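Hi,

Here is the structure I promised to pass on. Have a look at it first, and then read on for what turned up when I went through it.

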Amino acid sequence: MPRSTGTVVAALTAAALGCVGFLAYQASATAPEPLSHSRHAGDSKGKSKGKDQDKNGKKSTALPGDSGSGLRVVYALEDRRVWLVGADEQPTRTFKVHPSSASPAPGTYEVTSRRQSTVGSDGVKVEHVVVFHTEEGVVFGFSAAIDGSTPDPNAAKKTGGIRESREDASAMWDFAQVGTRVVVIA
């Protein structure tokens with residue numbers, strides 16, 4: 001005797017929902033951390049070193065104490081993290097970045113130029129380019145790849161692009177005008 005169509009549809013729907021739920025759980029349990037995790041001012045107060053751990057054992061995203069003063073962009077090489085710091089010494093945003101094959105030496109620089117869009121030295125179309133240093137033909141600056149790609153840190157050609165998410169690059173673009181200090185720390 002054949003089953004009713006309603007019973008079969010209900011059974012198939014329940015099975016499909018169960019599979020989707022299981023796959024969603026499995027994906028969330030094994031997903032890597034996001035490539036760019038932004039935090040805003042209320043989440044990153046304090047003056048401890050960026051290398052310290054928070055109470056949960058994760059790397060702290062607090063503004064490093066050795067990062068200068070006043071309105072500035074702070075770029076921590078080892079942590080691969082940037083802070084946008086207002087004149088009131090409070091970070092307005094912090095986020096992870098992806099460096100290229102060359103890195104600027106620790107020191108204090110200034111934004112020297114900005115470009116809405118161009119092609120990066122690695123051949124990738126980029127936007128919201130904020131340049132702060134040039135050394136031995138390598139131009140160092142922050143930008144976002146339009147296609148969302150990140151640079152190859154092991155590339156044979158030395159490039160100085162520091163890639164951000166498109167959202168973070170937009171925030172950098174609004175914040176870092178020509179003359180804004182960029183403090184690079186180890």
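To get you oriented: where is glycine 137 found? Glycine 137 sits in the loop between β8 (125–135) and β9. Glycine 137 is exposed, with a relative accessible area of 71%. Its C-alpha atom is separated by 9.1 Å from that of lysine 158, which is 21 residues away along the chain.

Before you go further, bear in mind that this is a predicted model.

**Overall picture**

The protein chain has two helices and 11 strands. Going from the N terminus, the elements run α-β-β-β-β-β-β-β-β-β-β-α-β. There are 186 residues in the chain, and 38% of them are buried. If you take the contacts with a separation of 6 or more, 51% of them come from residues 24 or more positions apart. The chain exposes about 10600 Å², with carbon and sulfur atoms supplying 55% of that.

**Nonpolar cores**

The largest nonpolar core has 23 residues, and Val73, Tyr75, Val82, Leu84, Phe132, Phe142 and Met172 are the ones that touch the most other members. At least two residues of this core come from each of β2, β3, β8, β9, α2 and β11 (181–185). The element that gives the most is α2, with four residues. There is also a second, separate core of seven residues, including Leu63, Val74, Trp83 and Ile185.

Phenylalanine 132 is worth clicking on. Leaving aside residues up to four places away in sequence, Phe132 touches Pro104, Tyr109, Glu110, Val111, Thr112, Phe140, Gly141, Phe142, Ile162, Val182 and Val184.

**Aromatic rings**

You will find three aromatic pairs in the structure. One of them is formed by tyrosine 75 and phenylalanine 142, in an edge-to-face arrangement with 5.8 Å centre to centre and 80° between the planes. Tyrosine 75 lies in strand β2 (residues 72–76) and phenylalanine 142 in strand β9 (residues 138–145), so this pair ties together parts that are 67 residues apart in sequence. Both tyrosine 75 and phenylalanine 142 are buried. Ring pairs also link Tyr75, Tyr109, Phe132 and Phe142 into a cluster.

Tryptophan 173 has a charged partner: arginine 114 lies over the face of its ring, at 3.7 Å from the ring centre. Tryptophan 173 also turns up among the contacts of histidine 128. Histidine 128 is in strand β8 and counts as buried, at 11% relative accessibility. Besides Trp173, and not counting residues up to four places away in sequence, histidine 128 touches Arg115, Gln116, Phe142, Ser143, Ala169 and Ser170.

**Salt bridges**

How many salt bridges does a search of the whole structure find? The search finds five. Here are three of them, taken one at a time.

- Glutamate 89 and arginine 72 meet through their side chains at 3.3 Å, N to O. The pair links distant parts of the chain, with glutamate 89 in the loop between β3 (81–85) and β4 (91–96), arginine 72 in strand β2, and their positions 17 residues apart. Glutamate 89 is partly exposed, with a relative accessible area of 21%, whereas arginine 72 is buried at 1% relative accessibility.
- Arginine 93 bridges to glutamate 167, with the closest N and O atoms 3.2 Å apart. Arginine 93 is in strand β4 and glutamate 167 in helix α2 (residues 166–175), so the pair ties together parts that are 74 residues apart in sequence. Arginine 93 counts as buried at 9% relative accessibility, while glutamate 167 is exposed, with a relative accessible area of 55%.
- Arginine 163 pairs with aspartate 122, and their closest N and O atoms are 3.0 Å apart. Arginine 163 lies in strand β10 (residues 160–163) and aspartate 122 in the loop between β7 (113–119) and β8, so the pair ties together parts that are 41 residues apart in sequence. Arginine 163 is buried at 3% relative accessibility, and aspartate 122 is partly exposed at 34%.

One more thing on the charges: salt bridges that share partners join Arg93, Glu167 and Asp168 into one network.

Cheers

Conventions. Residues numbered from 1 in each chain as written. Predicted model: local features only at pLDDT ≥ 70, side-chain atom pairs only at ≥ 80, totals over all residues. Heavy atoms only, no water. Phe/Tyr/Trp six-rings, centres within 6.5 Å; stacked < 30°, edge-to-face > 60°. Buried < 20%, exposed > 50% of the residue type's maximum accessible area, 1.4 Å probe, protein only. Lys NZ or Arg CZ within 6 Å of the ring centre and 35° of its normal. Contact = heavy atoms within 4.5 Å. Salt bridge = Lys/Arg side-chain N within 4 Å of Asp/Glu carboxyl O. Core = buried A, V, L, I, M, F, W, Y, C linked by side-chain atoms within 4.5 Å. Areas by Shrake-Rupley, 256 points an atom, 1.4 Å probe, with all protein chains shown as cover.
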